[in-house]
Amino acid sequence: EEIVESEEEEVEATGAAVVDIPSGFKEYLAPSGIYVTTQYPEDGSNIYIMTSPYYGELPGETEYTRKINENLSAQVGEIVKIDLIEFEKTTVEGCDATRALYTYSHDGMNFKRLEYTVNTDITTTIAYTQEGDADWMDVFEESALTIRIGE
């Protein structure tokens, strides 16, 4: 019975994961799901929220790293390799989720990204990206604590 109840709980969780956007950020061309600093473009740090059809079981650390490397490389048109600092499977309001922290470099610039992926009946990715010498990670971590399942 516990397994059935657990499956029913997963099905009941519907809608995208939502998060409180920290002060210092504003939406870029609403409704893009991209939030940039109020100092953009001088500070290119950003928050990107993307929803997609249900992904299925979330990948483990090795598969996650491979997919991120492929996606970043495809976006910028050259090979990009991340340095994965932290990776964990977790939950958000009982829904499967992953939390990853990694760095990468591209075009002479350094980036640090905190990324959450949350599964409900759809998959939501919330990526906090700090550019160069910017100092947003504490603010990003505080914002991530507000992730919840919305409508």
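**A tour from the aromatic rings to the helices**

Begin by selecting Tyr104, which counts as buried because its relative accessibility is 10%, below the 20% cut-off for that label. Before going on, keep in mind that the model on your screen is predicted. Now add Tyr102 to the selection; this residue is buried as well, with a relative accessible area of 0%.

Show the aromatic side chains next, since a search of the whole structure finds nine aromatic pairs. One of them is formed by Tyr102 and Tyr104, whose ring centres are 6.2 Å apart and whose planes meet at 35 degrees, so this pair is described as tilted. Another joins Trp136 and Phe140, where the centres lie 6.4 Å apart but the planes are at 20 degrees, so here the pair is stacked. What separates the two labels is the angle, because planes under 30 degrees apart count as stacked. Both members of the second pair are buried: Trp136 has a relative accessible area of 13%, and Phe140 has one of 0%.

Which residues do ring pairs link into a cluster with Tyr102 and Tyr104? Select Tyr64, Phe87 and Phe111 as well, and you have the cluster complete.

**The sheet**

Switch to a cartoon view and follow the strands, which form an open sheet of seven, in the order β2-β3-β4-β8-β7-β6-β5, with antiparallel pairing. The edges are β2 and β5, each of which has a single partner strand, so one side of each is left without a neighbour in the sheet. As you move from one strand to the next, the twist averages 20 degrees. In general, the strands of a sheet pair through backbone hydrogen bonds, and they may do so in parallel or antiparallel fashion.

For a closer look at one edge, select β2 (25-27) and β3 (34-37), which run antiparallel and are joined by three bridges. Within this pairing, Phe25 stands opposite Thr37 in β3.

**The loops**

In a general survey of proteins, most peptide bonds are trans, and most residues other than glycine have a negative phi. The loops here offer some departures from both habits.

Start in the loop between β2 and β3, where you can select Leu29. This residue has a positive phi of about 55 degrees, although it is not a glycine, and with a relative accessible area of 63% it is exposed. The loop also holds Pro31, which is joined to Ala30 by a cis peptide bond with omega at about -5 degrees.

Continue to the loop between β3 and β4 (46-53), where Pro41 lies; the peptide bond leading to it from Tyr40 is cis, with omega near 10 degrees.

Then travel to the loop between β5 (83-92) and β6 (95-106), which contains Glu93. Is Glu93 buried or exposed? At 56% relative accessibility it counts as exposed, because that label is given over 50%. Like Leu29, Glu93 is not a glycine, and its phi is positive, at about 50 degrees.

**The helices**

Finish with two helices that lie across strands. Select residues 61-76 to highlight α2, which lies across β5, β6 and β7 (109-119) and runs at about 50 degrees to β6. Then select residues 137-144 for α3, which lies across β2, β4, β6, β7 and β8 (122-131) and runs at about 5 degrees to β7.

Key:
Residues are numbered from 1 along each chain as its sequence is written. This is a predicted model: local features need pLDDT of at least 70, side-chain atom pairs count only at pLDDT 80 or more; totals for chains, interfaces and linings use all residues. Side-chain values use heavy atoms; hydrogens and water are left out. Helices (H or I, at least four residues) and strands (E, at least two) are DSSP runs, numbered from the N terminus. Buried means under 20% relative accessible area, exposed over 50%, partly exposed in between (1.4 Å probe, protein chains only). Rings of Phe, Tyr and Trp (its six-membered ring) pair if their centres lie within 6.5 Å; planes under 30 degrees apart count as stacked, over 60 as edge-to-face and the rest as tilted. Two strands pair if DSSP finds at least two bridges between them. Axes are lines fitted to C-alpha atoms, for helices over the stretch in contact, and angles run from 0 to 180 degrees between N-to-C directions. Contact means heavy atoms within 4.5 Å.
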